[in-house]
Amino acid sequence: MHVLLVEDDESVAQSLRRGLRRYGFEVEWVSTGGAALAYEGPYAVVLLDLGLPDADGLDICKALRDRGDVPIIVISARSDEADRVVGLELGADDYVSKPFGLREVIARIRAVMRRTQPRTLGAAAAGPDRYGTSLTIDRRAARVRLDGAEVPLAPKEFSLLAFLAEDPGALMSREHIMEAVWDANWFGPTKTLDVHVAALRRKLAGAVTIEAVRGVGFRLVVDEGGNST
Ligand code: CA
């Protein structure tokens, strides 16, 4: 799925682009309103910073909306609530405020794509998330494939993988994982977590590495293996 990223702050744009790519999005980055309007696509969603050097982001939002139904998520550094309201009135589908985390942006993109699927057909948005060259996780269908072949996972194995893969490279504490995947505040030993991690390591060898950080938790690292997508 293609994302049009309109953002003049290079460091924000670079890290967002890197992060979105890890989740399998193709990112077209432009840094001015003029370039955003000149870009002909295709793209399935727009991430639009309101503070642009050459134009008011709100005007760009309106111009993009006048052209079609592609979902627009406004990125605002402005604390002013009025900008968000005006943005939504001008046709933006959602907004995130700076500073924001990658996960929040991904969640917003998925949410607007779900909401707008009837008008965008959503074929790409509904598809699986790709990690590296071989692994895909289809969160809607709860299916995991390696090189196209389905990997049978127990329900908790799937939930654990989906959770760790939300933010590859990030260190997740055992407590956080237990809370998110087992729905429990866990103060005792978390042996069941180690058992599930071991199963995932075995089943997904070569595609991802699940690193243990002693006394803290785990992080999932995507094994890129040659070409990345
Ligand atoms: Ca800006």
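Me: Which residue in β9 does R145 stand opposite?

Reply: That's E150. Bear in mind that we're looking at a predicted model.

Me: What makes β8 and β9 a pair?

Reply: Two strands need at least two bridges between them to count as paired. Strand β8, residues 143-146, and β9 share two bridges, in the antiparallel sense, so they meet the cut-off.

Me: And what order do the strands of that open sheet have?

Reply: There are four of them, running β6-β7-β8-β9, with antiparallel pairing.

Me: What makes β6 and β9 edge strands?

Reply: Each pairs on one side only. That goes for β6 at 129-131 and for β9 at 149-150.

Me: How do you know that D8, D49 and G51 are donors of the calcium ion?

Reply: For calcium the limit is 3.2 Å from the metal, for N, O and S atoms. The OD atoms of D8 and D49 and the O of G51 lie 2.2 to 2.3 Å from the ion, so they count as donors. Those are the protein donors; water is not among the atoms, so the site may look incomplete.

Me: How are the donor residues spaced in sequence?

Reply: The pattern is D-x40-D-x1-G.

Me: Why is D49 called buried?

Reply: Buried means under 20% relative accessible area. D49 comes out at 3%, so it is buried.

Me: Then why is G51 called partly exposed?

Reply: Partly exposed sits between buried, under 20%, and exposed, over 50%. G51 has 36%, so partly exposed is the right label for it.

Me: What about A142: what is unusual in its phi, given that it is not a glycine?

Reply: A142 has a positive phi, about 55 degrees. You'll find A142 in the loop between β7 (135-138) and β8.

Me: Why does A142 count as partly exposed?

Reply: Its relative accessibility is 43%, and the label covers values between 20% and 50%. So A142 is partly exposed.

Me: Where is D147, and what is its phi?

Reply: D147 is in the loop between β8 and β9. Its phi is positive as well, about 50 degrees, and D147 is not a glycine either.

Me: Why is D147 called exposed?

Reply: Exposed takes over 50% relative accessible area. D147 has 66%, so it is exposed.

Me: What makes the bond between G41 and P42 cis?

Reply: Look at omega: it is about 10 degrees for the peptide bond joining G41 and P42. P42 belongs to the loop between α2 (33-38) and β3 (45-49).

Conventions. Residues numbered from 1 in each chain as written. Predicted model: local features only at pLDDT ≥ 70, side-chain atom pairs only at ≥ 80, totals over all residues. Heavy atoms only, no water. Donors = N, O, S within 2.8 Å, 3.2 Å for Na, K, Ca; no water. Buried < 20%, exposed > 50% of the residue type's maximum accessible area, 1.4 Å probe, protein only. Helix = DSSP H or I, 4+ residues; strand = E, 2+ residues; numbered from the N terminus.
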